[in-house]
Amino acid sequence: MEYQKLIAERHSVRRFQDKEVPREIVDRLIEEALTAPSSKNTKSSEFMVIEDADTILALSQMRTSGSAFVKDAKAVIVVLGDSRKTDLWEVNCAISATFLQLSAVEHGLGSCWVHIAGRKRSKDGSIPGNAEDYVRKLLGIEEDMRILCLIALGYEAPVA
């Protein structure tokens, strides 16, 4: 796809068809995201693919607002940064996540970035803790791996 068309077509998708995303496509998205530039070429970004419906449902409950739609995604990619490699892990992850989302468009998928780093579980404090600790515990992610965001993936559902 031509670059200008690609960036024009990218938009946040929060409604997904009940259609599985082939693992080959998910793997290709990650391969392409791993080509993203990083500070001093530290390549500190890593990805965790979640395809299990129960785990995706649990991820959708990480915050009281802004994450519920994740339950309908057919795949979720957790974007991680290795804080041992660089203090700029967050910037590197953001670049990688953007590459991933542009790649999704190229492969006919919709996506939506769901931010985690620095987000509380609830805006009003009714649920203690933060989204990063919730996701870390749910997925068994080690402390040195920081979590920037989730990228919810799937085929875009038509507007009803």
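In this predicted model, the side chains of Arg23 and Glu51 come together in a salt bridge, with an N to O distance of 2.9 Å. The contact ties distant parts of the chain to each other: Arg23 belongs to helix α2 (residues 23–33), while Glu51 sits in the loop between β1 (45–50) and α3 (53–60), and 28 residues separate the two. Arg23 is partly exposed, at 38% relative accessibility, and Glu51 is likewise partly exposed, at 34%.

A more local arrangement is found in helix α1 (residues 3–9), where Glu9 and Lys5 lie four residues apart, about one turn of the helix. Their side chains also meet in a salt bridge, here at 3.6 Å from N to O. Glu9 has a relative accessibility of 34% and so counts as partly exposed; Lys5, with a relative accessible area of 46%, is partly exposed as well.

The pair formed by Glu143 and Arg136 offers a contrast in surroundings. The closest N and O atoms of this salt bridge are 3.6 Å apart. Glu143 is exposed, with a relative accessible area of 58%, whereas Arg136 counts as buried because its relative accessibility is 7%, against a cut-off of under 20%. Elsewhere, salt bridges with shared partners join Asp82, Arg84, Glu142 and Asp144 into one network.

Taken over the whole model, the count comes to 13 salt bridges. Among them are the link between helix α2 and the loop that holds Glu51, and the pairing of Glu9 with Lys5 within helix α1.

Notes: Residues numbered from 1 in each chain as written. Predicted model: local features only at pLDDT ≥ 70, side-chain atom pairs only at ≥ 80, totals over all residues. Heavy atoms only, no water. Salt bridge = Lys/Arg side-chain N within 4 Å of Asp/Glu carboxyl O. Buried < 20%, exposed > 50% of the residue type's maximum accessible area, 1.4 Å probe, protein only.
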